[in-house]
Amino acid sequence: MEPADADVYFGKVLRHSPSGTRLGRSQALSTYFTFLELRHKVEIHRMTGRVVECPIDEMNRPRGAKDAQLRIPPSEPEIGRLFTGWGGELATCRKFAPTVRNYTASKLMSQVGLRVSEACGLDLDDIKWDLGRFGKLHVRHGKGARGSGPRERMVPLINGADRTLRWFIEDVWGQFDDDHTRPGAPLFPSERRNTDGSARRVGDDALRNGLDNAVEAHLPSWTDRLTPHVLRHFCASQLYGNGLDLLAIQEVLGHSWIATTMRYIHV
């Protein structure tokens, strides 16, 4: 592998790839060849007559910097304080049903690590109460990778998620829509209506804004820092701290690689 090969790789193969992908591949190649030069340069020259040289040089190196984003979540007492305060607010809030919807969606993200887009895409029919000990969620719109499209997975309703959903569906969902048997009825409806009078599906902006407002009111030290993605990190850390196997956490979060799951755990 020579600089000309790297020219083709970054100039043609990865030409239209995201900058983060290009930077990550460049760093991986640089690290690998640094390892060869430090550990095996003499041995390789003796065996092949070639001198190891990194193909990434100043001419073909992707520009920019990619720093690892360490999303260390709040502690369990802090998350408990957030949801306790948010839950107390439900008795006095101006719009009860939308506030409870945002509360429930955020609670679910912290309990089973759903992405906000996955929560928005859930239907009532996606809750399979008869599967497993606690029931399961059929996540149909999981994040895909490398052009694979959405990846489906089954998420067990562990960590109290079953109680959270039963309460929301039995006591609150009917305030959005009165037909729970309608095919495609969203689990988290919007206040807006479709042309046939049924409730629309909530957007991720509404759930993000609901979480932001609750954090500002009940956990102000985390204002502008506690996002739905940080709640995924909290969920992974809490499940691991409670003894759940690393591979099981990988399945719950829907990661393709165990190394990705390991970056989510902070204990």
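In the predicted model, Ile127 stands opposite Leu137 of strand β2. Ile127 belongs to β1, which covers residues 127-128. Strand β2 spans residues 136-142. Two bridges join β1 to β2, and these strands run antiparallel.

Strands of a sheet pair through backbone hydrogen bonds, either parallel or antiparallel. Here, three strands form an open sheet in the order β1-β2-β3, with antiparallel pairing. β1 and β3 stand at the edges, and each has a single partner strand. One side of each edge strand is therefore left without a neighbour in the sheet.

Strand β3 (151-156) also meets a helix: the buried residues of α10 pack against this strand. Helix α10 covers residues 246-253. Its buried residues are Ile249, Gln250, Val252 and Leu253. These residues lie on the same side of α10, because they cover an arc of only 165° around the axis. An α-helix has 3.6 residues a turn, so residues three or four places apart point the same way. The opposite pattern appears on the face of α10 turned away from the buried side, where Leu247 and Glu251 are exposed.

Besides β3, the buried residues of α10 pack against three helices: α5 (96-112), α9 (228-241) and α11 (258-264).

Both ends of α10 can be described. At the N-terminal end, Asp245 acts as a cap. A side-chain oxygen of Asp245 lies 2.9 Å from the backbone nitrogen of Leu247. Leu247 is also one of the exposed residues on the outward face. After α10 comes Gly254. The phi of Gly254 is positive, near 80°.

Terms used. Residues are numbered from 1 along each chain as its sequence is written. This is a predicted model: local features need pLDDT of at least 70, side-chain atom pairs count only at pLDDT 80 or more; totals for chains, interfaces and linings use all residues. Side-chain values use heavy atoms; hydrogens and water are left out. Buried means under 20% relative accessible area, exposed over 50%, partly exposed in between (1.4 Å probe, protein chains only). Helices (H or I, at least four residues) and strands (E, at least two) are DSSP runs, numbered from the N terminus. The arc is that of the directions from the helix axis to the C-beta atoms. Contact means heavy atoms within 4.5 Å. A polar contact is a pair of N or O atoms within 3.5 Å; within protein, one must be able to donate a hydrogen and the other to accept it, and residues adjacent in sequence count only if both atoms are side-chain atoms. Two strands pair if DSSP finds at least two bridges between them.
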